[in-house]
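Work through the exercises below with the structure open. Try each task before you read its solution.

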Amino acid sequence: MIVVELVKMLRRPRTWVTIGMLNALPTLVAVLLALTDLGPRPGTGPAFLSAVLTDGTLFPLAALAIVLPFLLPIAVAVFSGDAIAGEAAAGTLRYMVIRPVGRTTLLVAKLVSVIAFVLLAVLVVAATAYVMGTLLLGDQTGATTSVSGTSLSATQISGRTALSIGYVVLSMLGVAAIALFLSTVTDSSLGAALGALGVLVASSLLFTLDAAAALQPYLPTRYWLSFVDLFRDPILWRDVVRGVVLQGVYVAVFLGASWANFTTKDITS
Amino acid sequence: MIHTRSLTKRYGPVLAVDSVDLDVRKGDIYGFLGANGSGKTTTVRMLLGLVLATSGGIELLGRPIPGAAREVLPQVGSLVEGPAAYGHLSGRANLSLFDAMGVGGRRRTRQQRIDEVLEQVGLTEVGRRPVKAYSLGMRQRLGLAAALLRSPRLLVLDEPTNGLDPQGIREIRELLLQLHATGTTVFLSSHLLAEVEQLCTRVGVLDRGRLVLQEELAVLQAPTGRTFVRTPDPDRAQALLDGRVESRDGRHLLVRGTDAAQINAQLVAAGVRVDELGPERRTLEQVVLEATEQAPVGSSRP
């Protein structure tokens with residue numbers, strides 16, 4: 001069943017259009033930076049962007065920081081929100097369940113397919129950004145400078161890049177779990193996707209509000225950009241660990257709710 | 001093959017299905033009749049484990065549903081409320097994905113089985129075209145192909161001829177009869193009386209959630225003990241058969257007694273011309289109308 005879902009995801013035109021669109025923005029940024037040579041001053045703008053002018057190999061991380069706050073969550077919410085509700089609206093959900101595909105199996109397969117999509121999207125973005133970065137912004141030979149100012153070897157950089165890709169995927173899994181839950185509640189994939197995005201918008205807003213300080217450690221978007229800390233020397237683990245735990249809790253709660261709802265639901269679509 | 005005990009489904013205050021005891025036997029072509037909104041589709045969905053019953057029990061192929069759905073459903077082919085497929089994929093690709101889902105679809109025989117069912121439903125020509133280019137009738141045939149993919153012992157079909165032209169309806173009817181001849185039991189839900197009358201061996205009638213009739217079609221349509229006569233000389237015929245004519249409507253007479261030959265001989269001997277004559281049988285429409293009118297009117301109607 002998992003294979004079936006992966007095949008469906010990969011054969012769907014929407015998958016590739018979305019990944020193409022995710023790549024468009026970082027590519028545009030790379031072109032603009034190369035043409036104008038005007039980077040944001042250190043400490044402002046998206047993470048790593050000031051550093052990439054001198055070192056194109058850091059551009060994959062800059063690209064992730066560019067797509068992470070908005071574009072990637074939108075894509076994930078759309079895919080995950082469509083997972084069950086889209087099948088229900090197309091009428092294919094009832095045929096899957098009477099095939100029979102167990103409801104739990106179906107939910108797991110959908111989740112795996114969303115994770116695979118996130119991983120694919122993040123890897124394609126990182127790979128494209130690496131190519132664009134080295135081509136347009138130049139490859140600084142030798143050691144790369146960390147965010148803390150010390151230098152990092154190539155192996156350190158690739159190891160930490162892999163860690164941050166994992167972290168980004170986990171962060172997106174939180175979004176996916178919320179959207180998947182809503183997808184089991186409604187038969188409208190648009191409703192599920194927008195509902196999940198609503199949660200993220202609310203979370204981002206509360207994050208900027210001082211009066212909401214007590215809530216802030218629990219907001220789903222709170223630690224999203226903490227993967228930058230992986231490039232400090234030494235690595236600043238505190239926020240990364242909290243982010244992993246927080247996303248873990250969100251994933252567990254919302255997947256549990258999706259499962260409880262979906263396995264006891266009358267399928268009337 | 002299908003057996004339910006006091007099957008009931010309540011949606012809030014609405015009683016959609018009310019204590020239904022279905023009994024579909026091996027080798028039946030069972031016609032499940034009912035008006036729109038009578039609870040047919042809800043019943044079918046409960047049989048297949050899509051909707052969970054409020055109370056009552058279901059046995060499919062002798063096993064409980066939804067408990068044994070994993071073992072039972074691979075042997076059941078179904079079409080529920082119209083076909084569904086992924087529009088951007090071809091008919092073949094849809095069948096292939098569908099077969100790969102769940103248990104029971106052997107990969108080694110998949111392509112061969114797809115070829116077979118496409119031919120059975122008459123879609124061989126268009127199997128490679130994307131489904132979004134299909135007409136309603138072609139989608140219906142594809143849905144049927146998906147139901148047949150694993151040579152099921154039981155077919156549960158909800159309005160299978162929906163959207164088909166008369167030619168298509170006849171093809172599907174012949175296909176179902178052919179499958180029935182090779183041992184497949186068919187459960188056919190429909191609101192088309194003519195379709196059921198031509199095809200089915202047993203009939204169940206659902207009215208406002210209650211099963212008001214369940215009987216062999218042959219019994220329902222057994223001779224009523226009267227003979228109908230159509231004659232251009234109704235007055236003379238009535239005079240001749242005096243006392244035995246139960247009713248008269250223009251040139252049509254209904255005569256007590258089942259011996260059509262004797263009545264014919266009597267009329268002809270007296271020089272009364274006869275256009276048509278035979279034992280009276282009720283049409284399914286009459287039977288169904290009678291059954292649904294007698295039923296007590298429930299307070300709930302979805």
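## Exercise 1: The six-stranded sheet

In chain B, 6 strands make an open sheet with mixed pairing, ordered 7-8-9-4-10-11. The model is predicted.

**Task.** Find the edge strands of this sheet, then describe how strand 10 of chain B meets strand 11 of chain B.

**Solution.**
- Step 1. Strand 7 (76-79) and strand 11 (210-216) of chain B each pair on one side only, which makes them the edge strands.
- Step 2. From one strand to the next, the twist averages 15°.
- Step 3. Go to strand 10 (residues 202-207) of chain B: this strand runs antiparallel to strand 11 of chain B, and 6 bridges join the two.
- Step 4. Pick one pair across this junction: Gly204(B) is opposite Gln214(B) of strand 11 of chain B.
- Step 5. Add the helix. Helix 1 (residues 40-47) of chain B packs on the sheet and touches strand 4 (29-34), strand 8 (154-158), strand 9 (185-190) and strand 10 of chain B. The direction of helix 1 makes about 150° with that of strand 8 of chain B.

## Exercise 2: Strand 4 of chain B

**Task.** Why is strand 4 of chain B described as largely enclosed by the rest of the structure? Which strands does strand 4 pair with in the parallel sense?

**Solution.**
- Step 1. Recall the cut-off: a residue is buried if 20 or more other C-beta atoms lie within 10 Å of its own.
- Step 2. Count. In strand 4 of chain B, 6 of the 6 residues are buried, so the strand is largely enclosed by the rest of the structure.
- Step 3. Check the two faces. One side holds Ile29(B), Gly31(B) and Leu33(B), the other Tyr30(B), Phe32(B) and Gly34(B), and all are buried.
- Step 4. Look at strand 9 of chain B. Its pairing with strand 4 of chain B is parallel and spans 5 bridges. Here Tyr30(B) has Phe187(B) as its bridge partner.
- Step 5. Look at strand 10 of chain B. This strand also runs parallel to strand 4 of chain B, joined by 5 bridges. Phe32(B) is opposite Gly204(B) of strand 10.

## Exercise 3: The four-stranded sheet

**Task.** What is the strand order of the open sheet of 4 strands in chain B, and which helix packs on it?

**Solution.**
- Step 1. Read off the order: 13-14-12-15, with antiparallel pairing.
- Step 2. Find the edges. They are strand 13 (245-249) and strand 15 (276-281) of chain B.
- Step 3. Take the turn between neighbouring strands: 25° on average, direction ignored.
- Step 4. Inspect one pairing. Strand 13 of chain B is antiparallel to strand 14 (residues 252-256) of chain B, over 4 bridges. Within it, Arg248(B) is opposite Leu253(B) of strand 14.
- Step 5. Place the helix. Helix 10 (residues 260-269) of chain B packs on this sheet, touching strand 12 (223-230), strand 14 and strand 15 of chain B. Helix 10 and strand 15 of chain B have directions about 150° apart.

## Exercise 4: Domains and cores

**Task.** How is chain B divided into domains, and which residues have the most contacts inside the largest nonpolar core?

**Solution.**
- Step 1. Split chain B: domain 1 covers 2-220 and domain 2 covers 223-281.
- Step 2. Take the separation. The C-alpha centres of these two domains of chain B lie 44 Å apart.
- Step 3. Turn to the largest nonpolar core, which has 147 residues. Ala196(A), Ala145(B) and Phe187(B) have the most contacts inside it.
- Step 4. Name the top contributor: helix 7 (residues 103-137) of chain A, with 14 residues.
- Step 5. Note a second, separate core of 8 residues, among them Val229(B), Leu241(B), Val255(B) and Val272(B).

## Exercise 5: Where the chains meet

**Task.** How many residues of chain B are in contact with chain A, and which helix of chain B gives the most?

**Solution.**
- Step 1. Count both sides: 21 residues of chain B contact 21 residues of chain A.
- Step 2. List the elements of chain B that give two or more residues: helix 2 (69-72) and helix 3 (91-100).
- Step 3. Rank them. Helix 3 of chain B gives the most, with 3 residues.
- Step 4. Sort the chain B side by type: 15 nonpolar, 5 polar and 1 charged.

How values were computed. Residues numbered from 1 in each chain as written. Chains lettered and ligands numbered in written order. Predicted model: local features only at pLDDT ≥ 70, side-chain atom pairs only at ≥ 80, totals over all residues. Core = buried A, V, L, I, M, F, W, Y, C linked by C-beta atoms within 7 Å. Buried ≥ 20, exposed ≤ 12 C-beta atoms within 10 Å, placed from the backbone. Domains from an automatic or database assignment. Contact = placed C-beta atoms within 7 Å. Nonpolar A, V, L, I, M, F, W, Y, C, P; charged D, E, K, R; others polar. Pairing = 2+ DSSP bridges. Axes fitted to C-alpha atoms, helices over the stretch in contact; angles between N-to-C directions.
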